[in-house]
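I opened my notebook to look up how aromatic rings and helices sit against one another. My entries are kept short, and each one follows a single thing I looked up.

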Amino acid sequence: MCFKNYKQYFKTFNENKCYELLVYFKIDKQSQISNLSKGDNEKLQLALCLSIEASLYILDEPLVTVGLLTRIEIIKMILNNFDLKTSIIFSSHLVRDIDTILDIKKYFAYQTHGILTFLDCQIKN
């Protein structure tokens, strides 16, 4: 896959973390990107993004091209790999899918009609 490019351009790219995420998503690291399904391609892009050790991640509609089960899998993976030293800005119009996973005790905000609302959230088991 394209790990060499990521290591070249992103000094904080963690190749081991990327491999772990690919295993979690059941994506063979030897796969050709052009042969991946839309859902697997979205998972690969997310794995590459989250394997760059950063203090802020901005994810714009990462769930829009995948089905419901994959959405839930992606949201759980993001939350399970979330480091409290980082922030994630996650934009999505699929609020119901996100709401099925979030409960009370982590920070969560949403915007409706220009009004930003903050909630305390926790991952549901």
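These entries go through the aromatic rings, then a charge and a ring, then two helices.

Entry on the rings. I kept in mind that the model is predicted, and I began by looking up the aromatic pairs, of which the structure holds three. For Tyr6 and Phe13 I noted ring centres 5.5 Å apart and planes at 50°; since planes under 30 degrees apart count as stacked and over 60 as edge-to-face, I wrote this pair down as tilted. Tyr24 and Phe25 form an edge-to-face pair, with 5.3 Å from centre to centre and 70° between the planes. I also found that Tyr6 and Phe13 belong to one aromatic cluster together with Phe10.

Entry on burial. Are these rings buried or exposed? I noted that Tyr6 is buried at a relative accessible area of 19%, just as I noted Phe13 as buried at 9%. Phe25 is buried with a relative accessible area of 3%, whereas its partner Tyr24 is partly exposed at 37%.

Entry on a charge. I looked up Tyr19 and found Lys29 over the face of its ring, at 4.4 Å from the ring centre.

Entry on the helices. How do H2 and H3 pack? I noted that H2 (residues 15-24) and H3 (residues 38-50) have axes 8 Å apart and an angle of about 150°, which means that H2 is roughly antiparallel to H3. The crossing of H2 past H3 is right-handed. On the H2 side I listed Lys17, Cys18, Leu21 and Leu22 as making the contact, and on the H3 side Leu44, Ala47, Leu48 and Leu50.

Key. Residues are numbered from 1 along each chain as its sequence is written. This is a predicted model: local features need pLDDT of at least 70, side-chain atom pairs count only at pLDDT 80 or more; totals for chains, interfaces and linings use all residues. Side-chain values use heavy atoms; hydrogens and water are left out. Rings of Phe, Tyr and Trp (its six-membered ring) pair if their centres lie within 6.5 Å; planes under 30 degrees apart count as stacked, over 60 as edge-to-face and the rest as tilted. Buried means under 20% relative accessible area, exposed over 50%, partly exposed in between (1.4 Å probe, protein chains only). A charge sits over a ring if NZ of Lys or CZ of Arg is within 6 Å of the ring centre and within 35 degrees of the ring normal. Axes are lines fitted to C-alpha atoms, for helices over the stretch in contact, and angles run from 0 to 180 degrees between N-to-C directions. Helices (H or I, at least four residues) and strands (E, at least two) are DSSP runs, numbered from the N terminus. Angles under 35 degrees count as roughly parallel, over 145 as roughly antiparallel, 65 to 115 as roughly perpendicular and the rest as oblique. A crossing is left-handed if the near helix is turned anticlockwise from the far one by less than a right angle, and right-handed if clockwise. Contact means heavy atoms within 4.5 Å.
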